[in-house]
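Trainee: I want a close look at one part of this protein, then a tour of what lies beyond. Where should we begin?

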Amino acid sequence: MLANHSAQPVLQVDRLVKRFPVAGGAVKAVDDVSFALQPGETFGLVGESGCGKTTLGRSILRLIEPTSGSVLFQGRDLLRLKSAALRQARRDLQIIFQDPYASLNPRMRIGDAIAEPLVIHKIGNPQSRRAQAAELLRVVGLDPDYAQRYPHEFSGGQRQRIGIARALALKPKLVVADEPVSALDVSVQAQVINLLADLREQFGLTYLFISHGLAVVEHFCTQVGVMYLGKLVEVAPARRLFAQPRHPYTQALLESIPIPDPSRRKARAPLSGDAPSPLSPPAGCRFHPRCPIAVEECRRHLPPLRDLGDGHQVACWLAA
């Protein structure tokens, strides 16, 4: 399914901030982030570990309460909803967790785990819920008879399929997939990604896909946002970003992708050094201490995320 860019965005995040208070100050895990998702789009969120990807995803769903900003889902600001209205809205918002085993109750049969959202939202009766759980198992490629088994009886890939089935139980419109394949074997990763792609077509889903696997993002996503130290530094259509990365950080990330050919050399050295502490980020562009082309302007002033045309946005003084 192609994104419909003439329609109202399914999700519009505007100037979202999440601070965590710590001794001596606060960590801005998410700092003034804005982006939008169109119906049927898969927005990939990439960056190094600790850059704020997961915090952003959970803040959007209010699994973590944001500090400020707005999150418009189908025109309604989720951050202004009270408990009853938020619960109703969450029927259309679901999450697939990174660790499927940790997200499943080890004492609950998986059929009951998949049907649990239906119980919480008072949908159907016990018989119809069992039937729907069995159908969801079939949809994700598992035998409906598995409904009577417990989580420990499945492999990691099977458990992730169970987590996907549970996320689909309420027929959501938006799914936040938080590193859904990073804990799986490479061969199983491909199976799960193909399953997510098939479900996107079958159910008309929109995904926020959080990952540090750039090859997976290139294959699966229609749009990509690159995060660094709590901020978006580049946003572009996936094909354009991977063909013409404009931010030095994005370029360094792409250079880090292994090439299975020893005769081919990298154009430049991959990214080196560690990201600064989010407790005391550097002045100006946050990437400038690691940037090979930084100039004085980069050290003094924080670059805004500006539009270069064709939906390509970059927060870099030197990008043109």
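Which residues does Arg240 touch, not counting residues up to four places away in sequence?

Mentor: Arg240 touches Pro245, Arg246, Gly309, Asp310 and His312; contact means heavy atoms within 4.5 Å. First, a caution: this is a predicted model, where local features need pLDDT of at least 70, side-chain atom pairs count only at pLDDT 80 or more, and totals for chains, interfaces and linings use all residues. Residues are numbered from 1 along each chain as its sequence is written, and side-chain values use heavy atoms, with hydrogens and water left out.

Back to Arg240. It sits in helix H8, residues 238-243. Helices (H or I, at least four residues) and strands (E, at least two) are DSSP runs, numbered from the N terminus. At 23% relative accessibility, Arg240 counts as partly exposed. The cut-offs: buried is under 20% relative accessible area, exposed is over 50%, and partly exposed lies in between (1.4 Å probe, protein chains only). Now compare sequence with space. Arg240 and Gly311 are 71 residues apart in sequence, yet their C-alpha atoms are 9.3 Å apart.

Next, the sheets. Two strands pair if DSSP finds at least two bridges between them. One open sheet has eight strands, in the order E6-E7-E8-E3-E9-E10-E12-E11, with mixed pairing. Its edges are E6 and E11 (306-307), each pairing on one side only.

Look inside that sheet at E3. All five of its five residues are buried. Thr42, Gly44 and Val46 point one way, while Phe43 and Leu45 point the other. E3 runs parallel to E8, joined by four bridges. E3 also runs parallel to E9 (residues 223-228), again through four bridges. Trace individual partners. Thr42 stands opposite Tyr207 in E8. Leu45 has Ile210 as its bridge partner in E8, and Gly225 as its bridge partner in E9.

The other open sheet has four strands, ordered E2-E1-E4-E5, with antiparallel pairing. E2 (25-37) and E5 (76-77) stand at the edges with a single partner strand each, so one side of each lacks a neighbour in the sheet. E1 (residues 11-22) pairs with E4 (residues 68-73) in the antiparallel sense, over five bridges. Within that pair, Val13 has Val71 as its bridge partner in E4.

Helix H1 (residues 53-60) lies across E1, E2 and E4, at about 115 degrees to E1. H1 also lies across E3, E7 (174-178), E8 and E9, at about 150 degrees to E8. Axes here are lines fitted to C-alpha atoms, for helices over the stretch in contact, and angles run from 0 to 180 degrees between N-to-C directions. H1 is largely enclosed by the rest of the structure, because six of its eight residues are buried. Those are Lys53, Thr55, Leu56, Gly57, Ser59 and Ile60. Just after H1, Arg62 takes a positive phi of about 60 degrees.

Now H6, residues 186-203. Its 18 residues should span 26 Å at 1.5 Å a residue, and the end C-alpha atoms are indeed 26 Å apart. The expected span is 1.5 Å times one less than the number of residues. H6 lies across E3, E6 and E8, at about 155 degrees to E8. Its buried residues include Val188, Val192, Ile193, Leu195, Leu196 and Leu199. Gln189 and Arg200 of H6 are buried too. The buried residues of H6 pack against strands E3 (42-46), E6 (93-96) and E8 (206-210), and against helices H4 (126-139), H5 (156-168) and H7 (214-220). After H6 comes Gly204, with a positive phi near 65 degrees.

H4 has another helix to meet. The axes of H3 (residues 110-120) and H4 come within 9 Å and cross at roughly 120 degrees. H3 brings Ile110, Gly111, Ile114, Ala115, Leu118 and Val119 to this contact, and H4 brings Arg129, Gln132, Ala133, Leu136 and Leu137.
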